[in-house]
Amino acid sequence: MSEQPRSVGVLILAAGKGIRMHSDKPKVLQPLLEEPVLYDPLRAASEAGIRNIAVLVGYKGELVEEYVKRDWPGVEVIWQREQLGTGHAVKSAEEWWKRYDNLLVLSGDVPLVRYETLLSLRTEHISSSSACALMSFTADDPEGYGRLVRLADGGVRIVEQNDATEEELMIQEINAGVYLFNTTALSGVIDKLTADNELGEYYLTDTVQLIDDTEGDIRVVFCGDPEELVGVNTPNNLAMASGVLRKRILNSHMRNGLKCMDPSTTWIGPRVKIAPDVIFEPGVQLWGKSVIGNGCRVGAWSTLRDVSMGEGARIYGPSVISDSTIGDNAEAGPFAYLRMGVRMEPGAKIGRFVEVKNSTLGEGTKALHLSYLGDVSVGGNTNIGAGTITCNYDGTRKNATSIGDDCFIGSDTIFVAPVTVGDKATTAAGSVITKDIPNGSLGIARERQTNVDGWDERKSTVSGGVKKAGEC
Ligand code: UD1
Ligand code: CA
């Protein structure tokens, strides 16, 4: 009979408040780039192919649970009602982890650990038959971390910052907070933890020496990349971790073909998808579930969130665009502001200082200068003149404007919605359009011009002679 593979459960500790973050929000929900810190260890665990994942919640646990249930179906939530330390945290989930042969413990606030690193920890743990394998790294500034003390007899123990002697504080090898336990060994010691330390907490780190003394071998797996194991305890740590994640994401897109003119000013969120042959000018920010097609170019200092760009589309920077679709070969900007469901069909163009909200622009349609288009549906090949404005809000409701195909909208037209303009219609420049315009008609709605002949001479006569300097 072939040997059964040994089962692994992952417990992610996320019950602590995170006092050092100075925020009402639980530390594990602080945004790392744009997703909660907790999502990164969850991603690493699932990418490592581990299916039995539980998150331990406590401080503002309902909120953390809501996020987990919404975005991580299949991940279990376990409660630690009182937060008495990391040892107490793991003990709180004992009923759950006793089902597995091994337990991987991750900290919800150690987000940058890679799945490859977790796999190497597992390989080491299994091949050495250790009772516990844990990760260490060297920190330039070990302040706040637990120090890994290597004992003369080859054993190890971990001493926390607050309990360390002067000599121990000099140690730079750090406990990363990532452990893979044999659950039988862990069960054998978890009830022996005491809170006999400076903070009066039950430390998970104390299990290391207890296991070493009674249950079996401890294996330390050293990670050469200290950035990977940074603990996000303070706003400074959070900013540093964001920077590391930003570079990782950028590098992976550049490996796939992204031509990024200035990586030092470019930000790309973790859920963005970019086709290989795309150019980003300096200062581009891409967030949400944006998808950028082949041959696109995004102009300098543009910010896009949840934007889909078809092939060969172009944004001239700076522009700010959200929740919108830019069709193949369509163009927007510079200084375009598109939001709340704008749809540009292929080849449509939106230009300088144009704001568009919840509107569709048909194939080849252009709105190139100084306009506000809100709740408008425009057909294909229509030209929207400079300064066109839709009055879509009557003080109570938002009203729609519909403009057909092949129209010519004169500059400075104002549409008082709701209003419908047929195909091939024209509006005279400066018109205030309050009534529908039938197909092929000209809508003109303005005072006719009157010229007063000889005005300059009459002015002089009326004011009693020659104008004095400074008079107009
Ligand atoms: C912990 C380790 C330290 C290590 C460091 C690595 C302990 C005692 N110390 O310190 O050796 O160098 O991580 O980053 O384990 N948590 C709970 N319930 C609790 C307390 C904490 O779920 O009752 C969670 C926190 O939300 C956090 C994780 O456990 O995600 C670690 O707790 P934290 O207080 O941040 O420990 P550190 O002081 O960073
Ligand atoms: Ca921590």
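Here is a short conversation about a predicted model, with the reasons behind its labels.

Visitor: What makes up the secondary structure of the chain?
Guide: The chain has 10 helices and 39 strands. A run needs at least two residues to count as a strand. Strand 38, at residues 432-433, is therefore long enough to be counted.

Visitor: How do you know that the chain is not a compact globule?
Guide: Look at the radius of gyration. A compact globule of 472 residues would have one near 23 Å, but the chain has 32 Å. The C-alpha trace spans about 110 × 65 × 40 Å along its principal axes.

Visitor: How much of the chain is buried, and what does the word ask for?
Guide: Buried residues make up 48% of the 472 residues. To be called buried, a residue must have under 20% relative accessible area. In helix 1, residues 39-47, the buried ones are Tyr39, Asp40, Pro41, Leu42, Ala44 and Ala45. Gly49 comes just after that helix and takes a positive phi of about 85 degrees.

Visitor: What is the accessible surface of the chain?
Guide: It comes to about 22800 Å². Carbon and sulfur atoms account for 49% of that surface.

Visitor: What makes Asp109 and Asn233 donors to the calcium ion?
Guide: Distance does. For calcium, a donor atom must lie within 3.2 Å of the metal. Asp109 (OD) and Asn233 (OD1) coordinate the calcium ion (ligand 2) at 2.2 to 2.4 Å. Both therefore meet the cut-off.

Visitor: Why is this pair said to tie parts of the chain together?
Guide: Asp109 lies in the loop between strand 6 (102-107) and helix 5 (115-128). Asn233 lies in the loop between strand 11 (218-222) and helix 9 (235-256). The two parts are 124 residues apart in sequence, so the pair links them. Asp109 and Asn233 are also buried.

Visitor: Why is Thr434 called partly exposed?
Guide: Its relative accessibility is 48%. Buried means under 20%, and exposed means over 50%. The value falls in between, so Thr434 is partly exposed.

Visitor: Where is Thr434, and which residues does it touch?
Guide: Thr434 sits in the loop between strand 38 (432-433) and strand 39 (442-443). Leaving out residues up to four places away in sequence, Thr434 touches Val416 and Val419. Thr434 and Arg70 are 46 Å apart in space, C-alpha to C-alpha, and 364 residues apart in sequence.

Visitor: How do you know that the bond from Gly317 to Pro318 is cis?
Guide: Its omega is near -5 degrees. Pro318 is in the loop between strand 20 (314-315) and strand 21 (320-326). The bond from Gly333 to Pro334 is cis too, with omega near 0 degrees. Pro334 is in the loop between strand 22 (331-332) and strand 23 (336-339).

Visitor: What makes such bonds worth pointing out?
Guide: Most peptide bonds are trans.

Visitor: What is noted about the phi of Met340 and of Asp412?
Guide: Most residues other than glycine have a negative phi. Met340 is not a glycine, but its phi is positive, about 50 degrees. Asp412 is not a glycine either, and its phi is about 65 degrees.

Visitor: Where are Met340 and Asp412, and why are they called partly exposed?
Guide: Met340 is in the loop between strand 23 and strand 24 (342-344). Asp412 is in the loop between strand 34 (408-409) and strand 35 (414-416). The relative accessible area is 48% for Met340 and 46% for Asp412. Neither value is under 20% or over 50%, so both residues are partly exposed.

Key
Residues are numbered from 1 along each chain as its sequence is written. Chains are lettered from A and ligands numbered from 1 in the order in which they are written. This is a predicted model: local features need pLDDT of at least 70, side-chain atom pairs count only at pLDDT 80 or more; totals for chains, interfaces and linings use all residues. Side-chain values use heavy atoms; hydrogens and water are left out. Helices (H or I, at least four residues) and strands (E, at least two) are DSSP runs, numbered from the N terminus. The radius of gyration is taken over C-alpha atoms; the globule rule is 2.2 Å times the number of residues to the power 0.38. Buried means under 20% relative accessible area, exposed over 50%, partly exposed in between (1.4 Å probe, protein chains only). Accessible areas come from the Shrake-Rupley method with a 1.4 Å probe; for residues, only the protein chains shown count as cover. Donors are N, O and S atoms within 2.8 Å of the metal (3.2 Å for Na, K and Ca); water is not among the atoms, so sites may look incomplete. Contact means heavy atoms within 4.5 Å.
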